[in-house]
Amino acid sequence: MFRILRYLVLAAFVLAVPACASMHGKGSMKEDPQQRTTVKVENQAWVDVNVYVVRETQRVRLGQVPAHSTQVFPIPSYLATTAARLAFFVDPIGSPRTAQSYDMSVYPGDQVTLTIPVTAFQ
């Protein structure tokens, strides 16, 4: 029963994750090194969470998002290179449960929206 609930929570989290807005494929082929790649985290859950970006085996903490709030974090430029495959890991404070998104392509200048549903860690 717990295993099924865990997979349902993870599925709800993952389905809410990938919403990327980008300028890639438009305009010039040159990349602006000053482009800021960000993740907007909308925490609808009842717990504060720590958010990490994951690339291959590297995990980098981006910051903390209090319950029922939204934060925008820059993704380090050394992780968000051309067509980087990134995932996002969420670790709720005071809970052993965690969640991770699927890998997704993130381009320099993208803003990824990560929504943590209210039922994610109940």
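This is a short dialogue on how to read some features of a predicted model.

Colleague: Where do I start? Which elements does the protein chain have, in what order from the N terminus?

Modeller: Start with the overall layout. The protein chain has one helix and nine strands, and the helix comes ahead of the strands, so to speak: α-β-β-β-β-β-β-β-β-β from the N terminus on.

Colleague: How do I read contacts between residues that are apart in sequence? What share join residues at least 24 apart?

Modeller: Take the contacts between residues at least 6 apart in sequence; in the protein chain, 65% of them join residues at least 24 apart. For a single case, try Thr37 and Thr81: they are 44 residues apart in sequence, with 9.5 Å between their C-alpha atoms.

Colleague: And burial? How much of the chain counts as buried?

Modeller: The protein chain has 122 residues, and 39% of them count as buried. As for the outside, about 7,300 Å² is exposed, with carbon and sulfur atoms supplying 55% of that.

Colleague: Now the nonpolar core. Which residues have the most contacts inside the largest one?

Modeller: That core has 25 residues, and the ones with the most contacts inside it are Val39, Val41, Val53, Ile75, Phe88 and Ile116. Two or more residues come from each of strand 2, strand 3 (49-55), strand 4 (58-65), strand 6 (84-92), strand 8 and strand 9 (111-116). Strand 6 gives the most, with four residues. If you click on Ile75, you'll find it touching Val39, Val53 and Phe88, among others.

Colleague: Let's look at Thr37. Is Thr37 buried or exposed?

Modeller: Thr37 has a relative accessible area of 4%; buried means under 20%, so Thr37 is buried. Thr37 lies in the loop between strand 1 (19-21) and strand 2 (38-43). Its contacts include Phe73, Ile75, Val106 and Asp110.

Colleague: What lies 2.9 Å from a polar atom of the Thr37 side chain?

Modeller: The backbone nitrogen of Gly109 does. Gly109 also appears among the residues that Thr37 touches.

Colleague: Where is Ser101 found, and what does its side chain reach?

Modeller: Look in the loop between strand 7 (99-100) and strand 8 (104-106) for Ser101. Ser101 is buried as well, at 6% relative accessibility. Its side chain reaches the backbone nitrogen of Phe88 at 2.9 Å, and you've met Phe88 already, in the core.

Colleague: Last one, rings. Which ring does the charged end of Arg59 sit over?

Modeller: The ring of Tyr52, with the charged end 4.6 Å from the ring's centre. As for rings paired with rings, a search of the whole structure finds one aromatic pair.

Methods: Residues are numbered from 1 along each chain as its sequence is written. This is a predicted model: local features need pLDDT of at least 70, side-chain atom pairs count only at pLDDT 80 or more; totals for chains, interfaces and linings use all residues. Side-chain values use heavy atoms; hydrogens and water are left out. Buried means under 20% relative accessible area, exposed over 50%, partly exposed in between (1.4 Å probe, protein chains only). Contact means heavy atoms within 4.5 Å. A polar contact is a pair of N or O atoms within 3.5 Å; within protein, one must be able to donate a hydrogen and the other to accept it, and residues adjacent in sequence count only if both atoms are side-chain atoms. Rings of Phe, Tyr and Trp (its six-membered ring) pair if their centres lie within 6.5 Å; planes under 30 degrees apart count as stacked, over 60 as edge-to-face and the rest as tilted. A charge sits over a ring if NZ of Lys or CZ of Arg is within 6 Å of the ring centre and within 35 degrees of the ring normal. Accessible areas come from the Shrake-Rupley method with a 1.4 Å probe; for residues, only the protein chains shown count as cover. A nonpolar core is a set of buried Ala, Val, Leu, Ile, Met, Phe, Trp, Tyr and Cys residues joined through side-chain atoms within 4.5 Å. Lists of a residue's contacts leave out its neighbours within four places in sequence.
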